[in-house]
Amino acid sequence: MVNVVLRGLAAAALAVLPVFAPAPAHAAETLPLADAVAGLPVALESRDGYGRDKFRHWNTGDDPADGCNTRGEVLLHEAITPPTVSAGCRLSGGSWFSYYDATVVTAAGSLDIDHMVPLAEAWDSGASAWTAQRREAYANDQGAEASLVAVTACSNRSKADQDPAQWLPPATEVHCRYVGEWVGTKLRWGLAVDDVELAALQSVASSCPGETVTYEPAP
C-alpha cells in the first residue's frame, strides 16, 4: 500500500512540474552572412495602413526608474565617453562614434537613434500583422545591440526608410557589418525581404566571406 501511495505522489509531482517549469530560452544562433541571408523569408511588401504612430516610441526603456526613455538609454549605452546625466535625463558632454559615416559626435542632440530596420520597412515586411504591443517592443528593442544605433542625424535622414537595395552607409568599409546587422534584425523579428532587397543582400554578402550574423529570436 505504501509503495502504491508513493508511486501516486511521484506521478502527481511529475504532472505538476511542467506548469512551473520556465519557458525555454530562445537560443542565439551564429551563421555566415550568406547563410543568414538565405534563411530570410521572401514576400511581397505592402505599406498599406502604415503610420509611425503604429509603433509607440520612445517608451520608458529597459529601466523605468532611471528617468531616461529608450533614446536616452541607448545614448548612455553607446557613449564612448560617458556624458553627465542631469534631471530629466539631460545629457551633457560625452562622445559617440557614428559608424555609418565614421564620425565622432560630441553633442547628444546631434544624434538620431536609428532603427536598423526602419519602422516603415518593418511594417512592409510583416509588422503590419503584429499587435500594438509587439510593434512597441520592436520600436524600443534594446535586447540586441544592432536593433537601435546612435548615428549622426545627417546619415540617419539620408537613410530614411530605405532598405540596402536603396541605401548603404557612406563609410564603405562598414557595409559588411551593416548588412549583417540588417539581416540579423530581420531574422530576430521574423521579418521578410522582397526580391530586390534579397538580391542586394546577396550581392553584399558575396563580398564579405568572413562576416557572420548572430541573432536571438525576439521574445
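Is Arg56 buried, partly exposed or exposed? Keep that question in mind while the chain is loaded, and bear in mind throughout that this is a predicted model.

**The whole chain**

Begin with a cartoon view of the chain, in which there are eight helices and eight strands. Of its 219 residues, 42% count as buried. If contacts with a separation of 6 or more are considered, residues 24 or more positions apart account for 71% of them.

**Arg56 and its surroundings**

Now select Arg56, which lies in the loop between H2 and H3. Arg56 is partly exposed, because its relative accessible area is 49% and that class lies between 20% and 50%. Add Arg134 to the selection and compare positions: the two residues are 78 residues apart in sequence, yet their C-alpha atoms are 9.8 Å apart in space. With neighbours within four places in sequence left aside, the residues in contact with Arg56 are Glu136, Ala139 and Asn140.

**A cis peptide bond and a cysteine**

Stay in this part of the chain and zoom in on the bond that runs from His57 to Trp58, which is a cis peptide bond with omega near -5 degrees. Trp58 is placed in the loop between helix H2 (33-38) and helix H3 (70-78).

Next, select Cys68, which lies in the loop between H2 and H3. Cys68 and Trp58 are ten residues apart in sequence, and the distance between them, C-alpha to C-alpha, is 9.8 Å. Cys68 counts as buried because its relative accessible area is 4%, which falls under 20%. Leaving aside neighbours within four places in sequence, Cys68 is in contact with Thr60, Asp63, Glu73, Leu76 and Cys89.

**Two residues with positive phi**

Cys89, one of the contacts of Cys68, is the next residue to select, and it is found in the loop between strand S2 (84-86) and strand S3 (90-92). Although Cys89 is not a glycine, it has a positive phi of about 60 degrees. Cys89 is buried, with a relative accessible area of 15%.

From there, move to Ala102, in the loop between strand S4 (96-98) and strand S5 (103-105). Ala102 also is a residue other than glycine with a positive phi, here near 50 degrees. Which class of exposure does Ala102 fall in? Ala102 is partly exposed, with a relative accessible area of 42%.

**Leu75 in helix H3**

Select Leu75, which is found in helix H3 and is buried, with a relative accessible area of 3%. Then add Val149, which is 74 residues away from Leu75 along the chain, and note that the C-alpha atoms of the two are separated by 8.6 Å. Apart from neighbours within four places in sequence, Leu75 is in contact with Leu91, Trp96, Ala108, Leu111, Ile113 and Ala150.

**Where helices H7 and H8 cross**

Two packed helices are described by the angle between their axes and the distance between the axes. Colour helix H7 (residues 175-189) and helix H8 (residues 195-205), whose axes come within 10 Å and cross at roughly 135 degrees. That angle makes H7 oblique to H8, and the crossing in which H7 passes H8 is left-handed. To see the side chains involved, show His175, Val179, Trp182, Val183 and Lys186 in H7, which meet Glu197, Leu201 and Val204 in H8. Sorted by class, this contact has five nonpolar, one polar and two charged residues.

**The nonpolar cores**

How many residues does the largest nonpolar core have? It has 37 residues, and those with the most contacts inside it are Leu33, Phe55, Tyr100, Tyr138, Tyr178, Val183 and Leu201. The elements that give two or more residues to this core are H2, helix H4 (119-124), helix H5 (132-139), strand S7 (148-152), H7, H8 and strand S8 (212-215). H7 gives the most to this core, with six residues.

Select Tyr178 to look at the surroundings of one of these residues: with neighbours within four places in sequence left aside, Tyr178 is in contact with Tyr99, Tyr100, Met116, Lys159, Pro164, Trp167, Leu168 and Pro169.

For the last stop, select Cys68, Val74, Trp96 and Ala108 together, which are among the members of a second, separate core of 13 residues.

Key:
Residues numbered from 1 in each chain as written. Predicted model: local features only at pLDDT ≥ 70, side-chain atom pairs only at ≥ 80, totals over all residues. Heavy atoms only, no water. Helix = DSSP H or I, 4+ residues; strand = E, 2+ residues; numbered from the N terminus. Buried < 20%, exposed > 50% of the residue type's maximum accessible area, 1.4 Å probe, protein only. Axes fitted to C-alpha atoms, helices over the stretch in contact; angles between N-to-C directions. Parallel < 35°, antiparallel > 145°, perpendicular 65-115°, else oblique. Left-handed = near helix turned anticlockwise from the far one by under 90°. Contact = heavy atoms within 4.5 Å. Nonpolar A, V, L, I, M, F, W, Y, C, P; charged D, E, K, R; others polar. Core = buried A, V, L, I, M, F, W, Y, C linked by side-chain atoms within 4.5 Å.
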